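Colleague: I would like to learn how to read a model like this one. Could you take me through some features, one at a time?

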Amino acid sequence: MEHELVGLHASATRWRPVAAGRLAFPVLALALLPIHPVWLWAALLGAVATAPWIAGAVASLRRRRPRPYWRLSAAGLERVAPDGTPLTRYERSRIEGLAITVDDGGLTVLHRFGRTTVGGLDALGMEPLALFVTARRLGIPVFLLDGAVSGLSDDDGGETGAGADLGLPRHHVAEQRLLDQEAALLAAAHEPLREDPPASGAAGEPIRLASPEPVPGRGRTAVLGTLLALLGVTMIAHIAVEGTADFGHRLAAGCWALAAIAGVAGARRRLLRAIQVEWTIRPDGLLVRTRPGAKEGRRVAAGDVAALVVGPGLALDALTDEPRRVPLAVLAFDHRMRLLARLPAHGLDAFQLAHGLDDHGYRVVTPGPRTPRSPAYGLEGLPEVFAQVPGGRLVVADGGLGWVDAAGDVVLRMPEDRIGGIELLTIAGHAWVRLYDSDGDEFFAAPLSALRISRTDLRESARRAGLPVTDAEYDAYLSAAFHSAVSTLSSVPSEAEAVPSHAGGSGGEAPVETAGGGGPGPAEVEEAAPPTPSTAPGVLLDATRRSRVGSYAMSVLLCEFVALLGAVWLGPDLGGFSGMAGWAVPAGVLAGLGGYWLYDRNRAQLRVSAAGVAVVTLRGRVEWEVRRELIGGVGVDESTERMPRLVVWGPTGRVLRQVTFPPDLGELRRACERYGVPWGPPDADRPAPPPPEL
């Protein structure tokens, strides 16, 4: 077919154990049974432990064929069986459009009689750009909607197909980004091939890029898993030879069986996850190898490639063989705008990869600027009356707040008794106002630009009217300005200090002393150093009570596990399992509580102040601190699967520090707003202006 997009899918069924985790506890239960003779007990234990692996191998040998996959072609959108027969088909003649919801990546087919949700693009194995380009080449309109599939409206207003009201607005930013990438692909497909070699001599040489090796390495992981399995088998055989009449011996054998199963399963998962990617970039083609994988790798000729799209993409999960999103992948398009190959690149440096491809004559297309990430809080929606009054603005009138129209008439009034507090702050470089009721609960928040009032006017008018208004940033600015002025005045030398010190010995005037008698003059008083983030006055945020209780419980459980394991291991030599467990279990509880109490009495706390952010222990030791001018944002990092997720960003978006304990996020946000520390991730694409009116 001329234009066809095949979803990412596994080429064959991977060998995997069948319900190995579920059968681990039946293995333990079987080991506890007093089965005679002993050889039958050992044989049943080994058979049940290895049954999932044997069943997985048999199933893999019988079904070495590709899985069903999705395909978009001139025939329509189809789900194709391994033998090539369509399982599900949406005919091209009946498709009037495709809708993609940006929030969840859902794909919806628009047809004559309504709409049908197919599923997520990740589950279909299709990238948004590849689907967008292929669908437009086939003449199918594609709409990008701002929202999720659950937000699609069921009421189409009497219209069907692409002309119906879908209930969600068009996401013009995401759609324009795909159009820009499509335009770049068109330009690359129609421009002539670069025949002259690169200007740099080194650029013509092959470049090899490889992802870092896993730690520990694949060989060590395999050896460790094998040793655990052999140790478990040896210990079970040793227990079987000595006899299984005692319950403690059978419990020890069951624990060794669980340890062997966990060691083998963990080593297998680790080996599957430890994927290495190696690229060899030449002017005449690309060679991409993955380990584990075929030794010959994937070769792509340079003459077949029109452009390479470097950015987020899809890759097969090593454990489930299902498509999943990865931060870096490469899509190769040919000169007919068809997807030529999906090349893995996870673990590589995107900077080195993109520039290496460009230096060797390949046309590189990268996604446009990312969607700006707003802070975790924001405008919840202005009241309807605000939008219904043309030219309306917020004013302070009649002892309270009011909303006036263009003629100056108050159409909405909020009396003074309903206002518990007015807070002015800066969010992402813009002035905001928060209103609190008499109980101290926040009930309204909006940017002052939407309310059409300046920060100074609102602050001064509210103070003249006697309303409780707080502007911590303005007060801090005035305090800093006053301190700077006083410091300048105190550093001016006096007339007495201008007299040389030897004037007293030659009949001149003696040096002037202070009124205290012999104290130094004002010029001799050194100016105090500015406070650091760890010493400046601010707010101390501790870990939440829930997390501390959970840490205590985890410490106790870990000590109890060690106590029970020691009772199983050393019980036969110390009076039996029951006798040793009788004193080991209480000792484990005391050890867990006491050990974590010793750590908890000097736990770390987060200090937020106008000077910056610091982590200080209860005994005063400073673990780390970041000055205010180096902070681009504080908040929860949702871009990657990092732990811990509470981080401190720099102005460029780089993670500077990670907070290892979970404080209350609401209190942290309030503290950041109070002391002028930006909350939420920084927006590197649109630098925030300085705080308004400061």
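Modeller: Happy to! A definition to begin with: two strands pair if DSSP finds at least two bridges between them. Keep in mind throughout that this is a predicted model.

Colleague: Then which strands form a hairpin, and how many residues lie between them?

Modeller: In general, strands of a sheet pair through backbone hydrogen bonds, either parallel or antiparallel. Here, strand E17 (residues 393-397) and strand E18 (residues 400-404) are joined by five bridges in the antiparallel sense. Across this pairing, Val395 of E17 has Gly402 of E18 opposite. The two strands make a hairpin with two residues between them, and Asp398 in that turn has a positive phi of about 55°.

Colleague: Nice. What is the strand order in the open sheet of four strands?

Modeller: The order is E15-E14-E13-E16, and the pairing is mixed. Strand E15 (339-344) and strand E16 (364-365) are the edge strands, each pairing on one side only. Now look at E15 and its partner: strand E14 (residues 323-333) runs antiparallel to E15, with five bridges joining them. Phe333 is a good residue to find on screen, as Leu339 in E15 stands opposite.

Colleague: What about the loop between E14 and E15: which residue there should I look at?

Modeller: Try Met337, which sits in that loop. Met337 is not a glycine, yet its phi is positive, about 65°.

Colleague: Is Met337 buried or exposed?

Modeller: The cut-off for buried is under 20% relative accessible area. Met337 has 5% relative accessibility, so it counts as buried.

Colleague: Where else can I find a positive phi in a residue other than glycine?

Modeller: Arg452 is one such residue, with phi near 60°. Arg452 lies in the loop between helix H10 (448-451) and helix H11 (455-464).

Colleague: And for the peptide bond itself, which angle do I read at His36 to Pro37?

Modeller: Read omega: the bond from His36 to Pro37 is cis, with omega near 0°. As for its setting, Pro37 belongs to the loop between helix H1 (24-31) and helix H2 (38-62).

Colleague: One last feature: how far apart are the C-alpha atoms of Ala431 and Pro447?

Modeller: They are separated by 5.9 Å, although the two residues are 16 residues apart along the chain. Ala431 is part of strand E21 (residues 430-436). The same accessibility reading works there: Ala431 counts as buried because its relative accessibility is 12%.

Conventions
Residues numbered from 1 in each chain as written. Predicted model: local features only at pLDDT ≥ 70, side-chain atom pairs only at ≥ 80, totals over all residues. Heavy atoms only, no water. Buried < 20%, exposed > 50% of the residue type's maximum accessible area, 1.4 Å probe, protein only.
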